[in-house]
Amino acid sequence: MDDKVSVGKISVSSDSVSTLNSEDFVLVSRLGDETPSSTNNGSDDEKTGLKVISEEGVSFKIVGNGSEQQLQRELEDVLMDPSVADIGLRSEKGMDGVCGGDRGPLATTSSPVPPGSDPLSAQPPKLEMVLPVQTAQESELNERSYRADESSSDGSPGSPILDEDSVVFSQLTYLGCASVNAPRSELEALRMMSILRGQCQLPLDVTLSVPGVSEGTVRLLDPNASTEIANYPIYKILFCVRGHDGTPESDCFAFTESHYNAEIFRIHVFRCQIQEAVSRILYSFATAFRRSAKKTVLSCQQPAPHTPDTDLFTFTVSLEIREDDGKGTFSAVAKDKDKQSFKLRAGMDKKIFIYILQTSNKELAIERCFGLLLSPGKNVKNSDMHLLDLESMGKSSDGKSYIITGSWNPNTPQFQPVNEETPKDKFMYVTTAVDLVITEVEEPVRFLLETRVRVCSPNDRLFWPFSKRNYTETFYLKLRQMERKERKNPASDTLYEVVSLESETEREKRKTTASPDIMPTGTGTTAPSPPEDDEEEDNDEPLLSGSGDVSKECAEKILETWGDLLTKWHMNLSVRPRQLPALVRSGIPEALRGEVWQLLAGCHNNDHQVEEYRTLITKESPQDSAITRDINRTFPAHDYFKDTGGDGQDSLYKICKAYSVYDEEIGYCQGQSFLAAVLLLHMPEEQAFSVLVKIMFDYGLRDLFKQNFEDLHCKFFQLERLMQEYIPDLYNHFLNVGLEAHMYASQWFLTLFTAKFPLYMVFHIIDLLLCEGISVIFNVALALLKTSKDDLIQTDFEGALKFFRVPVPKRYRSEENAKKLMELACSIKISQKKLKKFEKEYHTLREQQEQQEPPIERYERENRRLQEANMRLEQENDDLAHELVGSKIALRKDLDNAEEKADALNKELLLTKQKLVDSEDEKRRLEEESAQLKEMCRRELDKSESEIKKNGSIIGEYKQETFLLNRLRIKLIEDYKQLMLKLDKV
């Protein structure tokens, strides 16, 4: 294609090219400034780290936000470290430009830039359009010439090997790169292009090589030494955009790429010295994005490198079953943690959710799902599978997973076996299959999941499970690359055929079957079981948070007692049953905790807060980094929270983020994540958020974080006074060694013992807290100190702190020890009157200390407090100002839109008025015509009436004549008869 024709074509048809994923490439039509080319899933307000690259000799320096040392460490992320490493090896002798030969760099004639002015902001010179385009063949000739010139030296180890059919562009300037959240958003790309163009002070001259096929690599070259600075495979480039005409960025273009992994996206911005070349560059990217590009035929002397596992693709497929909860929504069904089986209710409509995530190798494009099938049983035949109604299919919001949704009506005859109650301690299997069409694979691919289920009565009360994990299976898809002649349709996009598809379960079975010698040889030979938590050897490592299993087994009599109590309680939720405190002190059954906790906290009717939560999680939190940092340290010993990026951590992050936005005064405080995690183990995240809000506000936990932790220090004083009264010898020992309550009890109050102690004990403490209030922390603290008194008295300062940190939590891994501790805590009587008295003493002492304090120190302390308050108010003022500016901008935009609409309506009104005038004229004309027609009709009517009268008279005369003629005829007949008689006689 002629270059000039292609330039004109691309400049008219498109301002950006994009990919749907790393493989599917499409052209995106030009849009206005207000409409993004794709859904913007990021926030424009989010702080973006900018990096500008400049060249100083062979070293590079990054200028941008943060310290120079910090940015220097990020150089590897900016220019892809393996490529940059070669820069130091380049030869001092350079080429005459990348174009080389007769083409060379473009000759330009321009006016000089005024001294002191920004060369980037100077008006680009008027150039004659001769595109600095060079094919790979010409580049190869230049490379050979260059290597011949350098034959006497060590060579140029940094010289790149350009892809065949690639197009090389010189006269480019690299302006820098930045992180982006929405890699396919044209608005965000243009915004970053404007920022980098305006802030770049030390641009870098580069040459760009764009391949002609989708298997190639975009390369960034040094125009002087012809060394490769960076490279970006085409399959990692997601979006390419140019600046709009008539803007300062009209001579710029940019592309976004997934950096190392799919969670980080960067945008790279370039400026062309010849503005018209931008369209040609964009056209080259569009050519490379085409999936049907012809493959380059490689010579036999240079075969493509083959890696052993390039044909193995790994997928993680998860199954989630949701059930009609009777409230118009579908909620995830409970999953038994121990038996790994879903708990279904008979007769309830269900939905099947399949999540497919590719975890290795080059990303394959899932085109569609053409079948979601389900069947009772295991190892079922294809003919026994039953097709479900598909509701939706497509990529998730983050673009990582492919989600398929289908509806399941269990009342149909084919699903009768999984619609009948399962006997106790029994389960059955359900097989789910999903058939996928993958663009690059010739035949459909089926993922088969076999999971256990238990069916209970529809009237059974369902409790949220101990673990809400989906059923997940890993599949290994082995593909073979097909030659073009082997394909059914040589012009199609299919590249592979399926060799094998194997699940992780099948692979493990195969390994076990293939190695019979590792199986037990007799009934007396068993594999040693891993030690339980209680048998873990004592060491100096503290107990991980989230340790310990809590059994849901409970005596039938206790469950019946609780069932009767809950039945009565539901009749009148405003009044707690009398026997409730006694039952709670013995511990709420694990299976009932989620429901009872919500009732105790008063969250039984919180639909408004559920809706508010769904709004809060969409907002940005100023403490996002602190929340993210703490999530990985919350309950690492628990299966539900240990996986980075898993469902547990995701739900926990959303709850902490929502609360930090909800409670602006306190925000997120370290330790809240542990309490939120405990709640998440018993209820969905919406209800967990509601209970967390109740505990923070109604139970007074948030007061501990206010006013420089003043209320927390009061709690420490109360605890020490209680120790002085209940455990005087331990209290005196702590005085002697200088151990104060805040040194060991801070976590007890701020996290409600959830951070370090085993879960059985933690759950029981939350039972008591929700029933009796936050004062139960004193009961548990005194019980801990009493049971550990003998050991603590023998320790010094450091030994006591270590004892609190390590041995104390480990001591209660045993359920029996934890039960005894909680019984002791419940037996300790601490009156509210006594706590009020100690609180009053604390405030009195504080006042005395303030009065005895030197005035300068008091004023300094007061000044610090006022400064903190002032800083807080300034921050609030800044936030309000930012919000005001945003509101003004939004109002201005709304006003502009309203004015545009008003203008349009005015034009429409004028047209309507003109139509009305025309209509009135038409009406008058029609009325005149109508009057004329009426007059004509009247005249015709009168004429008709006169004619009718005339005709009537004629008819009357005719009748008279007829009558006379009849009489005459009769008379003549009679005369004739008489005449005939006379003739007869004659």
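## A partly exposed leucine on helix α28

Buried means under 20% relative accessible area, exposed means over 50%, and partly exposed covers what lies in between. Leu968 has 45% relative accessibility, so Leu968 counts as partly exposed. Please keep in mind that this is a predicted model.

Leu968 belongs to helix α28, which covers residues 855–985. Together with Leu965 and Leu972, Leu968 makes a nonpolar surface patch of about 300 Å².

## Charged pairs along helix α28

Helix α28 also holds Arg938 and Glu935, three residues apart, or about one turn of the helix. The two form a salt bridge, and their closest N and O atoms are 2.3 Å apart. Arg938 is partly exposed at 41% relative accessibility, and Glu935 is partly exposed too, with a relative accessible area of 32%. Shared salt-bridge partners join Glu935, Arg938, Arg939 and Asp942 into one network.

## Salt bridges between separate elements

How many salt bridges does the count come to? The total is 40 salt bridges. One of them pairs Arg197 with Asp251, with the closest N and O atoms 3.3 Å apart. This pair links distant parts of the chain: Arg197 is in helix α6 (residues 186–199), while Asp251 is in the loop between β10 and β11, 54 residues apart. Arg197 is buried, with a relative accessible area of 15%, and Asp251 is buried at 5%.

Another salt bridge runs between Glu686 and Arg614, whose closest N and O atoms are 3.9 Å apart. Glu686 lies in helix α17 (residues 685–697) and Arg614 in helix α12 (residues 607–616), so the pair ties together parts 72 residues apart in sequence. Are these partners buried or partly exposed? Glu686 counts as buried, at 18% relative accessibility, whereas Arg614 counts as partly exposed, at 42%.

## Strands β8 to β11

Strand β8 (residues 217–221) and β9 run antiparallel and are joined by five bridges. Across this pairing, Arg219 stands opposite Asn231 in β9. The hairpin of β8 and β9 has six residues between the strands, and Ser226 there takes a positive phi near 60°. In strand β9 (residues 228–233), five of the six residues are buried, so β9 is largely enclosed by the rest of the structure.

Strand β10 (residues 237–242) is mostly covered, with six of its six residues buried. Its pairing with strand β11 (residues 252–258) is antiparallel and extends over five bridges. If you look across to β11, you will find Phe239 opposite Thr256.

## Aromatic rings and their neighbours

A pair of aromatic rings is described by the distance of the centres and the angle of the planes. The count here comes to 30 aromatic pairs. Among them, Phe427 and Tyr429 meet edge-to-face, at 6.0 Å centre to centre and 75° between the planes. Phe427 is partly exposed at 35% relative accessibility, and Tyr429 is partly exposed at 25%. Phe427 also has a charged neighbour: Arg452 lies over its face, 4.2 Å from the ring centre.

Lys350 offers another example of a charge over a ring, with its charged end over Trp408, 5.6 Å from the ring's centre. Elsewhere, ring pairs link Tyr174, Tyr232, Phe253, Phe255, Phe270 and Phe285 into a cluster.

Key: Residues numbered from 1 in each chain as written. Predicted model: local features only at pLDDT ≥ 70, side-chain atom pairs only at ≥ 80, totals over all residues. Heavy atoms only, no water. Phe/Tyr/Trp six-rings, centres within 6.5 Å; stacked < 30°, edge-to-face > 60°. Buried < 20%, exposed > 50% of the residue type's maximum accessible area, 1.4 Å probe, protein only. Lys NZ or Arg CZ within 6 Å of the ring centre and 35° of its normal. Patch = residues over 30% accessible without salt bridge, like charges linked within 9 Å, V, L, I, M, F, W, Y side chains within 5 Å. Areas by Shrake-Rupley, 256 points an atom, 1.4 Å probe, with all protein chains shown as cover. Salt bridge = Lys/Arg side-chain N within 4 Å of Asp/Glu carboxyl O. Helix = DSSP H or I, 4+ residues; strand = E, 2+ residues; numbered from the N terminus. Pairing = 2+ DSSP bridges.
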